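Visitor: Could you walk me through one part of this model up close? I'd like to start from a charged pair and see where that leads.

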Amino acid sequence: MSRHATRRQKILSDHFFKSLFLGINLIPGKITQFFKTLVLDTVATREREGIIRPDLLHLLIQAKKGTLHEEDSAEGQKGAKINDEDIIAQSLQFFLAGFDTSSTLMSFVSYLLAIHPDVQTRLQEEIDKTLKKHDGKFTYEMVHSMKYLDMVVSETLRLYPPAAAVGRVCVKNYTLKSDPPLELRPGDDIMIPVYGLQHDPNYFPDPERFDPERFSDDNKHNINPMTYIPFGLGPRSCIGNRFALMETKSLLAHLLSRFSVKVISKTPIPIKVIQKGFNVTAEGGFWLGLEKRIT
Ligand code: HEM
């Protein structure tokens, strides 16, 4: 594994394909086998047939061959090689990191809109107005230009960050100025509590309240950026950040232009937030209704 790996990648690489010492796998064997076969078959087909696609898998194949020259070369370690297990772990990481997180965000936004019809109506007004301005076409610019949509999605990510915590490995001695001070040593595992920070009343007054206004142009400068980290921080923050926001906003724009999300008898209010695997979700899943809009 490259020395640039984060804690999460190390976990994926070290443990997903091996049993933990208690004999428990983090991912069920059938799923592991499915991914193993999927990735290795795809790699074999591409190599056999000389297929080149401009995608992550191609970069991983190059890294396996040692032909991917990255910044390592500046330090004289040209293209550290990776093996098949690393390729499977990286592919699985992309799938897990990108799929569940985004669908979790979409589910929580839908739930919040259903229980806050005033917010939903204001958002639909913005979507209708913006669509009209863009001749009824959903484009990147059209979705990107909606400020209230951004406020709603940002506040959902604060209230229900799909990743409850991010991890790092300490690389040098450091004293955390806590009371009492905490001495950190190289090799120590550190979990940064995203959910905790984003629910701390010192940083977000009345933290359990869903309030998109926190992210309005007038208010957002009050947010300390180190306390709002749904996509993590620094050079190893989420690589899919922009894509995730765009796909979620596009979905909402399409959906809300035609339907309203409604509370139904099965909708749990309040929702019970639980941690499932790596992600935050709702106990019992999300139960909502859709009502066609009369426009
Ligand atoms: C709402 C959706 C998403 C959320 C909330 C989310 C959140 C996160 C978080 C918290 C991290 C760890 C960052 C850190 O340690 O500082 C992360 C890493 C990562 N995410 Fe996302 N993510 C989302 C969507 C996506 C998508 C759509 C993709 C891919 C298409 C993706 C790919 C990745 C990858 C590859 C990493 C590891 C980056 C690295 O270690 O350098 N994520 N994400």
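**A charged pair and its surroundings**

Guide: Let's start with Asp211 and Arg209, whose side chains meet in a salt bridge, with N to O at 3.4 Å. Keep in mind that this is a predicted model. The two partners sit on either side of a cut-off. Asp211 has 15% relative accessibility, so with buried meaning under 20%, Asp211 counts as buried. Arg209, on the other hand, has a relative accessible area of 44%, so Arg209 is partly exposed. As a general point, side chains of opposite charge can pair when their charged atoms come close.

Now move along to Lys220 and Asp217. These two form a salt bridge as well, and their closest N and O atoms are 3.3 Å apart. Here both ends fall in the middle class: Lys220 counts as partly exposed because its relative accessibility is 42%, and Asp217 counts as partly exposed because its value is 44%. This pair also has company, since salt bridges that share partners join Lys147, Asp217 and Lys220 into one network.

If you want a pair out on the surface, try Arg48 and Glu49. Their salt bridge has its closest N and O atoms 3.8 Å apart, and both residues are exposed. Across the whole structure, a search finds 14 salt bridges, the ones above among them.

Arg48 and Glu49 also give us a handy way over to the helices. Helix α2 covers 29-49, and α2 is one of the elements that the buried residues of α3 pack against; the other is α4 (84-115). What does α3 itself put on the inside? Its span is residues 56-65, and its buried residues are Leu57, His58, Leu60, Ile61 and Ala63. Just after α3 comes Gly66, with a positive phi of about 80°.

Last stop, the metal. Find Cys238 in the loop between α8 (194-198) and α9 (241-258). Its SG is the single donor that the protein gives to the iron atom of the ligand, at 2.3 Å. The unreviewed UniProt entry carries a "binding site" annotation that covers Cys238 too. Is Cys238 buried, exposed or in between? Its relative accessible area is 34%, so Cys238 counts as partly exposed. That figure considers protein chains only, so the ligand does not enter into it.

Note on methods. Residues numbered from 1 in each chain as written. Predicted model: local features only at pLDDT ≥ 70, side-chain atom pairs only at ≥ 80, totals over all residues. Heavy atoms only, no water. UniProt positions renumbered as here; feature names shortened; annotations may be inferred. Helix = DSSP H or I, 4+ residues; strand = E, 2+ residues; numbered from the N terminus. Buried < 20%, exposed > 50% of the residue type's maximum accessible area, 1.4 Å probe, protein only. Salt bridge = Lys/Arg side-chain N within 4 Å of Asp/Glu carboxyl O. Donors = N, O, S within 2.8 Å, 3.2 Å for Na, K, Ca; no water. Contact = heavy atoms within 4.5 Å.
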